[in-house]
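Colleague: I'd love a close look at one part of this model. Please start from a single residue pair and build outwards from there.

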Amino acid sequence: MEGQIRIALAGNPNSGKTTLFNKLTGANQFVGNWPGVTVEKKEGKLIVDKDVVLTDLPGIYSLSPYTLEEVVARNYLIEENPDAILNIVDATNLERNLYLTTQLVELGIPVVIALNMMDLVKKAGDHINVKELSKQLGCKIVEISALKGDGVKEAAQAAIEAAQSGKTIPQHSFSGPVEHALAHIEEVTVHDLPEERQRWYAIKLFERDEKVMEGLKLSAETKAHIEKDIAAAEKEMDDDAESIITNERYVYIGQMLKGIYKKKGTGKLSISDKIDKIVTNRWLALPIFAIVMFLVYALSMGKSIADGGISIGTWLTDLTNDVLGEAWLTEGSRAILEGWGAAPWLVGLISDGILAGVGAVLGFVPQMLVLFLMLCLLEDCGYMARIAFIMDRIFRRFGLSGKSFIPMLVGTGCGIPGVMASRTIENERDRRMTIMTTTFMPCGAKMPIIGLIAGALFGGSTWIAVSAYFIGVAAIVLSGIMLKKTKMFAGDPAPFVMELPSYHLPAWGNVLRGTWERGWSFIKRAGTVIVISSIVIWFLTSFGVVNGHFGMVENLYEDDAIVTDEYVATVADRMDIPEDEVEPMDDSILARVAQPVSVVFKPLGFGDWKPTAATVTGLVAKEEVVANFGIMYAYDDQEGEEELEENGDQIWDRVAEDFNAFSNGHGRLAAFAFMIFNLLCAPCFAAIGAIKREMNSRKWTWFAIAYQCVFAWIAAFIVWQIGRVFAGGLSVVGLILALLLLGFVCWMLFRPYKESQKLTVK
Amino acid sequence: MLAWLSENWANILMIVLLVLIVALIVFRMVRSRKAGKRPCGCDCAVCGACCACKKPAAKKEP
């Protein structure tokens, strides 16, 4: 665009790029405290100058094309040729960050360095001679604190000035043999390219960068010619070309920093290191992780503070349900609509359909917000990044990489970004396996299911919510171990290098933004997908064929000429329930369709049409499971009269009663099996779509869905069948089958890992 | 006619409102889909791979 200035924001992962980007553009991009949050570039206009477009590039360590992030960043810098680069450098990790800087200054694009986290450097008593560093690197340096917003405007201004007038000339030169080879390469291959870009290309050719060679379309003759120069330098320096360049850069940086960077307490442990000594300790790491996650779920979804627990989330949810369920949604809407003289079916559609469905889902928003707040706090202070590190140690024992755990951390908000975050995994087999297992993590949409089961059947027990999280983690670990032992996924784990950010006090702006983004997305979905689904579900549960007559089942059941004793006996036989338990909804379209399918769930303890319908409609959106219950149990016809329940609690009481009824008194166990199945089975259609895009294969997508469903079924089956040994009413056949399946799982887990000896990672 | 309208105004109003709401939701969902946004529980803006989701992943190993 004419007159626009384009500035690229480049830097190492976790150096604060996205925070700086948000500060400068006023954007709300998600800031993650682990690498890979920014996989693709994002653009925004500067708040202070709308003619300046800032591009947030993914975090990279170098301009070598080893990872997707590096390819994206490098392609942008080379092909789009921005007017300036704002290189954000983490001052607390100066040496490693400058490795990228030495490459950026070779691109021929004006570079301005934003020296971030200088407040931490000063706090530690260290000193950086910024003036001298600027002179040595040949580019302007501005001290900033992206988190606090100090110096960010000055950095942007410096980048604008550099874009308009500046020019960065690399001050660094390599040793004689390398410079000799570079001069030859420049002369032979890149002399017709822009002068300022020639050196970068020559260095990349020296490193035998295949992508650059492809891009330049070098002839075989030219390649052979420069190969002689490279080989000569390699022989003289007794190392391979790429290592020579890497070593020389680090030697240069080391020498430069000698007089510039003065560390006060060299060798001393920082506070962050001291915390890590405990938090990432070989023996303590996992128990601490378990305690932390227990507290997170106890505070958000455990026993309410009103009932002697510690959960603020449940207390707020109960409060919201009382208001939403009683005052506004049910009694309020019904009274208003009836007062207006609206037709009964319309009152039913709005009150018992849309409002009951959406209200059931929205009732859980407070719990979700508290949960997201806790998770965002853990992310922002730097703890969550440690989890990936801790999990890498465990995963590696089973041939897995900790890199696979990052998408799972992302997936706690929503499975879709979790699935997409798997793109950072280079090993295709590990990537596919991660895609298949990421959605085992309980995402935000599954929270209402957990809240419903915990609240309705377990008296708000904290352990249910906590167990849901750890069931997700266990499913991922167990699946990983088992799948790695199959030929499809065998192979050595990819190396996992991750920088652990220093612990710091959470930035409330980031935390609240992250919490709100996730919570608001959930609310928006309730107002769109769930509204439409609720209308459909209300229609399917309200209409049906009763004794050959189509219409609203409630109305048809009032006609004794249609609903005869013989007919009731037929329905009772079809639904496998006593005659006095037959209700109009048993003849609804949904009941008719779901009843035959419920056979699949009979061995899991919830083979009734209602949980079956809820489970299947959960494919539209996982919140739909709870919305479905909200609609199906919105009536109380125990007295033979249609009367809307007074509040949400009573609806959930009816859910509990029903679970007890169709599981012969083992309602809790059946509900737990139901929760397990819904947590682990195929995700919603949107997430399945993401799986299909990432797998880029119909066959693999179907395999992933089938695996998830079978895994979920087996897990729920084992829990229900073995659980009945303790709860009573065991089925011998079921128990034998459960033990056989458990044995198979154990065999898969403990059988020797042979394939890795034969197959190598590509 | 007027008598019928005065008797059924609540039904007509509710039906019109419902149809409008549903149409608006469907319109927004279709527009979001065309714009490359996903009907997921997350806003794609919060996703680190938001741009990547619009195009299929490159096929790598068979």
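Modeller: Happy to! Let's start at Leu86(A), whose bridge partner in strand 5 of chain A is Val112(A). Bear in mind that this is a predicted model, with local features needing pLDDT of at least 70 and side-chain atom pairs pLDDT 80 or more, while totals for chains, interfaces and linings use all residues. Residues are numbered from 1 along each chain as written, chains are lettered from A and ligands numbered from 1 in written order, and side-chain values use heavy atoms, leaving out hydrogens and water.

Strand 4 (residues 84–90) and strand 5 (residues 111–116) of chain A run parallel and are joined by six bridges. Strands are DSSP runs of E, at least two residues, and helices runs of H or I, at least four, numbered from the N terminus; two strands pair given at least two DSSP bridges. The wider picture in chain A is an open, mixed sheet of six strands, ordered 2-3-1-4-5-7. Strand 2 (42–45) and strand 7 (140–143) of chain A are the edges: each has a single partner strand, so one side of each lacks a neighbour in the sheet. From one strand to the next, the twist averages 25 degrees.

Helix 2 (residues 68–80) of chain A lies across strand 1 (5–11), strand 2, strand 3 (52–56) and strand 4 of chain A, at about 150 degrees to strand 1. Angles here run from 0 to 180 degrees between N-to-C directions of axes fitted to C-alpha atoms, for helices over the stretch in contact, meaning heavy atoms within 4.5 Å.

Going outwards along the chain, we come to charged pairs. Glu428(A) forms a salt bridge with Arg431(A), their closest N and O atoms being 3.2 Å apart; the rule asks for a Lys or Arg side-chain nitrogen within 4 Å of an Asp or Glu carboxyl oxygen. The two are three residues apart in helix 20 (residues 428–438) of chain A, which separates them by about one helical turn. Both Glu428(A) and Arg431(A) are buried (under 20% relative accessible area, with exposed over 50% and partly exposed in between; 1.4 Å probe, protein chains only).

Another pair is Lys610(A) with Glu583(A), at 2.7 Å between the closest N and O atoms. Lys610(A) sits in helix 28 (residues 609–617) of chain A and Glu583(A) in the loop between helix 26 (565–575) and helix 27 (589–597), so the pair ties together parts 27 residues apart in sequence. Lys610(A) is buried at 3% relative accessibility, and Glu583(A) is buried at 12%. Elsewhere, shared salt-bridge partners link Glu428(A), Arg431(A), Arg432(A) and Glu694(A) into one network.
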